[in-house]
Every structure is written in structure tokens, then in C-alpha cells.
Amino acid sequence: MRAELVAFLHPKSPASEAFRTLRTNLQFAAAGRGRLQVILVTSPGPGEGKSVVAANLAIVTAQGGRRTLLLDADLRRPVQHRLLEKSGRRGVTNLLAEAGREPEELVQPTGIDGLDLLPAGPVPPNPAELVATEGMRRLVEWTRDRYETVVLDAPPVLAVTDAILLGTCVDGVLLVSRAGQTRNEALQAAMEALRRSRIPVVGAVLNEVRYRGSDAYYYSYYYGRRREEDGRVLSGGHEAAATAQPGGGQGADSA
Ligand SMILES: Nc1ncnc2c1ncn2[C@@H]1O[C@H](COP(=O)(O)OP(=O)(O)O)[C@@H](O)[C@H]1O
Ligand SMILES: [Mg+2]
């Protein structure tokens, strides 16, 4: 289990608490819109914390007693198998590219109660084509029958079309930005791209907010870096906010 998985390694930390708040707020968002079973996590650009947020959200959801699948739909830069220290040799790509494969063969237990992983599998030459296939849609439908919550980790919205294509199979998108990195214009452009495709944004996460003071010490401590002097929070500063948008969000309902 890698250090980024704070929700598992440090369930009492403020970061884990923030993920539980996110979970709760998503439940409220769900109450307003009927179904929020399959959630896609994305962000405007690369390196903003999508994968770390997706993994921790999946963990707190499973800890909350819901049978949860973490599905690595970033076929370009898959990392979930590494975060969870599982094999990434076979996964979504195999299901989409090879006939006759069944998802249950490729789903792995994670060692965390109630949480399974479907890795991305080998990086294909044509990720956007693959996620746009009927097979992808069928895979998501398959997960709906077996899991109470499915969290998809996706590529960035602005760089490639995958996230938008995937967005059409899910119930809502959680949009991550990273404090001090994600530009406001990029966030606006990502929101606009999702809105144009009528994909509802059901929540927003501001990742890596930096705390000062005693929290900073705690985070530095568990991260194995004693850098109290600058108070920079590594992986601990997930400030999660799920905003249930009035009028049913940016997508399908309001358009
Ligand atoms: N809150 C955070 N604090 C410190 N490092 C983080 C945080 N969130 C993500 N990272 C690190 O930043 C890098 C990119 O995160 P990742 O989740 O893989 O981004 P993305 O999926 O958006 O490309 C990884 O090395 C990850 O461990
Ligand atoms: Mg990622």
C-alpha cells in the first residue's frame, strides 16, 4: 500500500476526514439527482491528483460499508495497481481488445475490505478508441450490477478526449484541481467541455491545500519527511468539497 493512500494508512488524519466529508457530500448530491453509483474522477491537466483522489475516495466508500470497485480507466498512464501494489498486467484493455474475456477474471481484491480493483491493463496504442467502444459501456453496466459504488480514474479532460468519452457512461464527474497548479482558465475550460457533452459535474476537490502549524507537523511525520519549517503538506492536504449544484448540475439535467 503506497503512502498516498492516507485513507487506509491514516484513517484518523485530517486528510482522511476530508475524504469522508467528500463521500458524505457526494451522498447528498446523489439524493438530489437519483443515482450516483458510477463516478468519474478527472481534472483539467496531468499531475493534479486525480488518481490519488480516486483511490482515497474508493477507500473511504468501502470503509463506509459499500461494496466498491476502483476501475482504472486511465489507459494512458495507469497507476492504481501501483498505488495498491497489485498486478497491472491485465485489466480493462484486455477486456476491450480481446474477445471472450470476462471482467470477473480480471477484478482483484485489494486487501481493503469491500474494495476491488480493476486495473487498466497494458497501455494500448489507441486508448481513445477503446474507451469509446460498446465494450466500455458494457463493462460499466457490468459493474453496476455488482458494486454499490464504482470510482473511475480517468485521464485529464483538456489533453485528450478519453475523459469526455468515459463521462457519457457515468452518473457524474468529480473534478479535481490542485492548489497552486491548476489555472482558473483550465478549470473553466474543463467545466465547459463537460457541459457541452452534457456530463454532470457533481463535485469538486481542491487537492494539496497547504496547512501550517501542527497539522503540517503531523503530515510531514507520516510522510516520513520532517519538514516542519515550510509547512508544506505532502499528500495530506486534500481539501475535499463536493458541491451539489443547484438545478442538477452542469450537465444532462440542466441542458
Ligand atoms: N495532496 C498531495 N500532496 C502531495 N503529493 C500529491 C498529492 N496529490 C497527488 N500527489 C502526487 O502528485 C503526483 C500526481 O498525482 P496523481 O494522483 O498521479 O495525478 P493525476 O492522476 O492527476 O495525474 C503523484 O506523484 C502523487 O503522489
Ligand atoms: Mg492519474
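Start by selecting helix α8 together with its surroundings: the buried residues of α8 pack against β1, β2 (68-72), α5 (92-97), α6 (103-106), α7 (127-131) and β5. The model is predicted.

Now restrict the view to α8 itself, residues 134-146. Its 13 residues reach 19 Å from the first C-alpha to the last, close to the 18 Å expected at 1.5 Å a residue. Show the side chains of Met136, Leu139, Val140 and Thr143, the buried residues of α8. Looking down the helix axis, the buried residues fall within an arc of 95°, so they line one face of α8. Then add Glu134, Glu141 and Asp145: these exposed residues sit on the face of α8 turned away from its buried side.

Next, move to strand β1, residues 38-42, one of the elements that the buried residues of α8 pack against. Five of the five residues of β1 are buried, so the strand is largely enclosed by the rest of the structure. Colour its two sides separately: Val38, Leu40 and Thr42 lie on one, Ile39 and Val41 on the other, and all are buried, which leaves both faces covered.

Add the strands paired with β1. Strand β5 (residues 149-153) runs parallel to β1 and is joined to it by four bridges; select valine 38 and valine 150 of β5 to see two residues that stand opposite each other. Strand β6 (residues 172-178) is also parallel to β1, again with four bridges. Here, pick valine 41, whose bridge partner in β6 is leucine 174.

Finally, zoom out to the protein chain, with its eleven helices and eight strands. Of its 255 residues, 49% count as buried. Among contacts with a separation of 6 or more, 78% are between residues 24 or more positions apart.

Conventions. Residues are numbered from 1 along each chain as its sequence is written. Chains are lettered from A and ligands numbered from 1 in the order in which they are written. This is a predicted model: local features need pLDDT of at least 70, side-chain atom pairs count only at pLDDT 80 or more; totals for chains, interfaces and linings use all residues. A residue is buried if 20 or more other C-beta atoms lie within 10 Å of its own, exposed if 12 or fewer, and partly exposed in between; C-beta atoms are placed from the backbone. Two strands pair if DSSP finds at least two bridges between them. Two residues are in contact if their C-beta atoms, placed from the backbone, lie within 7 Å. The expected span of a helix is 1.5 Å times one less than its number of residues. The arc is that of the directions from the helix axis to the C-beta atoms.
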